[in-house]
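This report is written for a reader who wants to follow a protein fold from its overall dimensions down to single side chains. Please keep the sequence and the 3D view open while reading.

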Amino acid sequence: MKLDHVNVRTARLAEMRAWYADVLGLNEGWRPDFAFPGAWLYAGEDAVVHLIGVDAAPGADQADLRLEHFALFAGGPAELDAFRARMKSKGIPIREGHPPGAGITQVNIHDPDGNHIHVDFRT
């Protein structure tokens, strides 16, 4: 098994679509003709983030709980440097993590709805 995608509910669908494209470089692509608004965002051939449009921002109710974070892998040291520069140019704060013995750098960011994402780089 491998993780196929994450599903994120948002009351700010247009803003979230733009953010995932602009900040993470994901591309909007084919999505089934569901009866509710949304977008599928792709990394290469894989739809890795599914956005679902909702009328109100998800709250703290059990039915509305959000995932603590999800992670994307984005390459090695050269890609890490480019990602840091991209976040700086966009004014997006980052927090880096270095799990002991894992050989990766985690760059932690948050989307416009406050969802925690870390982008992993081999170091």
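The text below goes from the whole chain to its two sheets, then to the aromatic rings and one helix residue.

The structure is a predicted model, in which local features need pLDDT of at least 70 and side-chain atom pairs count only at pLDDT 80 or more, whereas totals for chains, interfaces and linings use all residues. Residues are numbered from 1 along each chain as its sequence is written, and side-chain values use heavy atoms, with hydrogens and water left out.

## Overall fold

The protein contains 2 helices and 8 strands, where helices (H or I, at least four residues) and strands (E, at least two) are DSSP runs numbered from the N terminus. Along the sequence these elements follow the pattern β-α-β-β-β-β-α-β-β-β. The C-alpha trace spans about 45 × 35 × 30 Å along its principal axes. The radius of gyration is 15 Å, which agrees with the value near 14 Å for a compact globule of 123 residues; this radius is taken over C-alpha atoms, and the globule rule is 2.2 Å times the number of residues to the power 0.38.

Of the 123 residues, 37% count as buried, a term that means under 20% relative accessible area, with exposed meaning over 50% and partly exposed lying in between (1.4 Å probe, protein chains only). The protein exposes about 7,400 Å², of which carbon and sulfur atoms supply 55%; accessible areas come from the Shrake-Rupley method with a 1.4 Å probe, and for residues only the protein chains shown count as cover. If one takes the contacts (heavy atoms within 4.5 Å) with a separation of 6 or more, residues 24 or more positions apart account for 51% of them.

## The sheet with β1 to β4

Strands of a sheet pair through backbone hydrogen bonds, either parallel or antiparallel. Here two strands pair if DSSP finds at least two bridges between them. One open sheet has 4 strands in the order β1-β4-β3-β2, with mixed pairing. Its edge strands are β1 (6-10) and β2 (27-29), each of which pairs on one side only. The twist in this sheet averages 35° from one strand to the next, with axes being lines fitted to C-alpha atoms, for helices over the stretch in contact, and angles running from 0 to 180 degrees between N-to-C directions.

β1 and strand β4 (residues 46-53) pair in the parallel sense over 5 bridges, and N7 stands opposite H50 in β4. Helix α1 (residues 13-22) lies across β1, β2, β3 (38-43) and β4, and runs at about 160° to β4.

## The sheet with β5 to β8

Another open sheet has 4 strands in the order β5-β8-β7-β6, again with mixed pairing. The edge strands are β5 and β6 (95-97), each pairing on one side only, and the twist averages 25° from one strand to the next.

β6 and strand β7 (residues 104-110) pair in the antiparallel sense over 3 bridges, and V107 in β7 is the bridge partner of E96. α2 packs on this sheet, touching β6, β7 and β8, and its direction makes about 20° with that of β7.

β5 (residues 69-73) and strand β8 (residues 116-122) run parallel and are joined by 5 bridges, with H118 in β8 as the bridge partner of A71. Side chains alternate along β5: F70 and L72 point to one face and are buried, while H69, A71 and F73 point to the other and are not.

## Aromatic pairs

A search of the whole structure finds 5 aromatic pairs. Rings of Phe, Tyr and Trp (its six-membered ring) pair if their centres lie within 6.5 Å, and planes under 30 degrees apart count as stacked, over 60 as edge-to-face and the rest as tilted. Two of the pairs are set out here.

| Pair | Centre to centre | Angle between planes | Class |
|---|---|---|---|
| W19 and Y20 | 4.9 Å | 80° | edge-to-face |
| F34 and W40 | 6.4 Å | 55° | tilted |

W19 counts as buried at 11% relative accessibility, and Y20 counts as buried at 0%. In the tilted pair, F34 is partly exposed with a relative accessible area of 35%, whereas W40 counts as buried at 14% relative accessibility. Ring pairs also link W30, F34, F36 and W40 into a cluster.

## E79 in helix α2

E79 lies in helix α2 (residues 77-89) and counts as partly exposed because its relative accessibility is 40%. Leaving aside neighbours within four places in sequence, E79 is in contact with A74 and F121. The C-alpha atoms of E79 and H69 are separated by 21 Å, with the two residues 10 apart along the chain.
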